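Please consider the following structure with a single residue as the point of entry. The explanation moves outward from that residue to the helices and cores around it.

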Amino acid sequence: ANALAAYLVLCLPIALAIAGATRTVGRTISALAAVAIAAALALTLSRGGYLGTGTALVVFVACVGPRSILTRRRVAIGAGVALATLVSIGVFPPLARSVERVVDRGMLAADLGESSTASHLDLLAVGVRVALDYPVFGVGPEIYPAVFARYRDVVLPPARAAVMARFRPESPQDVPLAIADGAGLPALAAYIAVVVLAMLAGWRRLRHGSPNERWLLAGLMAALAGHIVTDLFMTAEVTGSWIFWVLLGVLCATRERGTKPAP
């Protein structure tokens, strides 16, 4: 579910950006795709996906600008979609139950004692200790499962250590922390530097781009920001990772395009 949510978080801002930058049929298709993606995201019940989606939407609105998004037509369409959704929830009991599950799952994000959250915090605690003990080169790629048992009984309280003894986790379920554990803090610093510099390049281009470019750049930056947040709650997976790096490269290319002299 987390892997699917990470993929959908990348797709949602791109669909919104295409809907804003295109006209007529393309806009309608992209808007419908965004609605379908949002519904699928909700049904994954991934709390990391929910947080990533919220982050992506905030970044998207900040980049495009509220005035560009909240036109009368879009507000009317949004109100119509919201009203249709509320009516559907009242008419179809299965849909109402699905919405209730989504809301209940989202509310659990604030419960640190919930089993999944507690396990995630345990993995983070062990991961932080490993990174501090091997700060330069890490323990090596994919070695976290092998060292977890040794650190588990030292780092965690006895009750939590007994619970986690039943599992063999594959990672700290936090991509940046997994980089630090596997390759060291310098590797993590390099990763952060690449992401930050790419986002800064996109922001600089955003300030001088045309309206359509602003929509597309906002989609790119929002997708990347959302994915970074989802990465804080999961193990890296292939599909989302390669799309993330491709979009990061596209964002870097926008700066090069923006600095070329006019013919």
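In this predicted model, T230 touches A6, V9, G48, G49 and G52, leaving aside residues up to four places away in sequence. T230 itself is found in helix α12. Is T230 buried or exposed? Its relative accessibility is 3%, and because a residue under 20% is classed as buried, T230 counts as buried.

Two of the residues that T230 touches, A6 and V9, are also among the residues of α1 that meet α12. The relation between these two helices can therefore be examined next. Two packed helices are described by the angle between their axes and by the distance between those axes. For α1 and α12, the angle is about 170° and the axes are 8 Å apart. Because an angle over 145 degrees counts as roughly antiparallel, α1 is roughly antiparallel to α12. On the side of α1, the contact includes L10, P13, I14 and A17; on the side of α12, it includes W215, L216, L220, A223 and T230. The residues of this contact divide into 14 nonpolar, 6 polar and no charged.

The discussion now turns to the cores. The largest nonpolar core has 30 residues, of which F60, M199, L224, L247 and L251 touch the most other members. The elements that give two or more residues to this core are α1 (2-21), α3 (47-64), α10 (175-183), α11 (185-206), α12 (211-231) and α13 (238-259). Which helix gives the most to this core? It is α12, with 9 residues. L247 illustrates how such a residue is surrounded: L247 touches L10, L220, A223 and L224, not counting residues up to four places away in sequence. A second, separate core of 11 residues includes L123, V147, Y151 and A161.

Helix α10, one of the contributors to the largest core, may be followed from one end to the other. At its N-terminal end, D174 acts as a cap: a side-chain oxygen of D174 lies 3.0 Å from the backbone nitrogen of L177. Within α10, the buried residues are V175, P176, L177, A180, D181 and G182. What covers these buried residues? The cover includes α7 (115-133), α8 (144-155), α11 and α12. After α10 comes G184, whose phi is positive, near 100°.

Helix α12 thus recurs throughout this account: it holds T230, packs against α1, gives the most residues to the largest nonpolar core and is included in the cover of α10.

How values were computed:
Residues are numbered from 1 along each chain as its sequence is written. This is a predicted model: local features need pLDDT of at least 70, side-chain atom pairs count only at pLDDT 80 or more; totals for chains, interfaces and linings use all residues. Side-chain values use heavy atoms; hydrogens and water are left out. A nonpolar core is a set of buried Ala, Val, Leu, Ile, Met, Phe, Trp, Tyr and Cys residues joined through side-chain atoms within 4.5 Å. Buried means under 20% relative accessible area, exposed over 50%, partly exposed in between (1.4 Å probe, protein chains only). Helices (H or I, at least four residues) and strands (E, at least two) are DSSP runs, numbered from the N terminus. Contact means heavy atoms within 4.5 Å. A polar contact is a pair of N or O atoms within 3.5 Å; within protein, one must be able to donate a hydrogen and the other to accept it, and residues adjacent in sequence count only if both atoms are side-chain atoms. Axes are lines fitted to C-alpha atoms, for helices over the stretch in contact, and angles run from 0 to 180 degrees between N-to-C directions. Angles under 35 degrees count as roughly parallel, over 145 as roughly antiparallel, 65 to 115 as roughly perpendicular and the rest as oblique. Ala, Val, Leu, Ile, Met, Phe, Trp, Tyr, Cys and Pro count as nonpolar, Asp, Glu, Lys and Arg as charged, and the others, Gly among them, as polar.
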